[in-house]
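Trainee: I'd like to walk through this one with you, starting with how the helices pack. Can we put it on screen?

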Amino acid sequence: MSTSIASFKSLRIAKLRFVFIRRIIMAKEFQAPGKDVVQKIWQEFGLNEQRVKESVEALKNWLAKEPHLPEESGSLHEARLERWLIRCKNSMERTKKSIDLYYTLKSLCPELMCDWNPRSKWYQNAVKTMCFFPMPELTPEGDRIILVKYLTKDAINYVPEDNYKMGLMTLEVRMCEEYCFRDIVIFDMDNYTLGHASKITFTAAKIAEVCLMMPQTSKLSRSRRRIQHFSPTTVRLLLCTVD
């Protein structure tokens, strides 16, 4: 139990470093969601300000009664619970299952869910091989475009598990700060080679998929996450919009 508590405290300490992470992973910070965006998303899932407050309070009370889960307190954690609820389509049952799965995975998959320190050696290596770039502005439909790019064709230093972990760090920041209907993930495969492919194992990829989809149910993730592959030219044009 003490080990679990220590890991949870470590996670909270790591969150203090996320401003630094954002400036590295994201070339430009997210725009704060406007009231129109928030209202549109609330309306989509049958929410309003009062219902959000009541639901977040109910989740906090539930967490306090679960001895194997940490209590979520403070404005940052309340914002996180609110986003969690929205990503689970305003379903309390789904949200509770997702939160429980999240902390279960932290215990079962420490190689992906712990040591989220941007000063770690693994992180310094990971940012040289791949980047995750959430676009700072939402699309007119309220979607978040995320660009994923392999930075070099040389796969000698490529460690898939480290890149999965970096993606989870990015997701953790977004869970506290943003509103969007869904993710549109665009891969720039220009530098992808057989050397990269040979290092990816099915087991590691499957575990990473479960971890990346943890804030939402599997049914929701399929319907609200689109994976696309674009040419390098298209990716460069998208990047120009934030210059």
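Trainee: At roughly what angle do the axes of helix α4 and helix α6 cross?

Mentor: Keep in mind that this is a predicted model. Take helix α4 as residues 49–64 and helix α6 as residues 92–108. Their axes come within 11 Å, and the crossing angle is roughly 45 degrees.

Trainee: Which word fits the way α4 and α6 are set to each other?

Mentor: The crossing is at roughly 45 degrees, and angles under 35 degrees would count as roughly parallel, while 65 to 115 would be roughly perpendicular. The crossing of α4 past α6 is also right-handed. With that angle, α4 and α6 are therefore oblique.

Trainee: How many nonpolar residues does the contact of α4 with α6 have?

Mentor: On the α4 side you have S55, A58, L59, W62 and L63, and they meet M92, T95, K96 and I99 of α6. Sorted by class, two of the residues are polar and one is charged. The nonpolar count is six.

Trainee: What about α9 and helix α11, are they roughly parallel or roughly antiparallel?

Mentor: Helix α11 covers residues 202–212, and its axis comes within 10 Å of the α9 axis. The two cross at roughly 0 degrees, and anything under 35 degrees falls in one class. That makes α9 and α11 roughly parallel.

Trainee: And how many nonpolar residues are there in the contact of α9 with α11?

Mentor: From α9 come E161, Y164, G167, L168 and L171, which meet A204, A205, A208, C211 and L212 in α11. One residue of this contact is polar and one is charged. The nonpolar ones number eight.

Trainee: Which helix gives the largest share of the largest nonpolar core?

Mentor: That core has 47 residues, and W42, L47, I86, I99, L112, M113 and V148 are the ones with the most contacts inside it. The largest share is six residues, and they come from helix α9.

Trainee: Which residues does W42 touch, leaving out those up to four places away in sequence?

Mentor: W42 is among the residues with the most contacts inside the largest core. Its partners include the charged E49 and E82, as well as N48 and Y179. The full list is L47, N48, E49, V52, E82, I86 and Y179.

Trainee: Does H196 count as buried or exposed, and why?

Mentor: H196 sits in helix α10, residues 194–198. Beyond its neighbours within four places in sequence, H196 is in contact with Y150, T152, K153, D154, A155, Y158 and N191. The cut-off for burial is under 20% relative accessible area. Because H196 has 1% relative accessibility, it counts as buried.

Trainee: What separates the C-alpha atoms of H196 and N157?

Mentor: Along the chain, H196 and N157 are 39 residues apart. Between their C-alpha atoms, the separation is 9.7 Å.

Trainee: I also want to check backbone angles. What is the phi of N90, roughly?

Mentor: N90 is in the loop between α5 and α6, and at 25% relative accessibility it counts as partly exposed. N90 is not a glycine, yet its phi is positive, at about 60 degrees.

Trainee: And where does D115 lie?

Mentor: D115 is another residue other than glycine with a positive phi, near 55 degrees. At 42% relative accessibility, D115 counts as partly exposed. Its place is the loop between α7 and α8.

Definitions and conventions:
Residues numbered from 1 in each chain as written. Predicted model: local features only at pLDDT ≥ 70, side-chain atom pairs only at ≥ 80, totals over all residues. Heavy atoms only, no water. Axes fitted to C-alpha atoms, helices over the stretch in contact; angles between N-to-C directions. Helix = DSSP H or I, 4+ residues; strand = E, 2+ residues; numbered from the N terminus. Parallel < 35°, antiparallel > 145°, perpendicular 65-115°, else oblique. Left-handed = near helix turned anticlockwise from the far one by under 90°. Contact = heavy atoms within 4.5 Å. Core = buried A, V, L, I, M, F, W, Y, C linked by side-chain atoms within 4.5 Å. Buried < 20%, exposed > 50% of the residue type's maximum accessible area, 1.4 Å probe, protein only.
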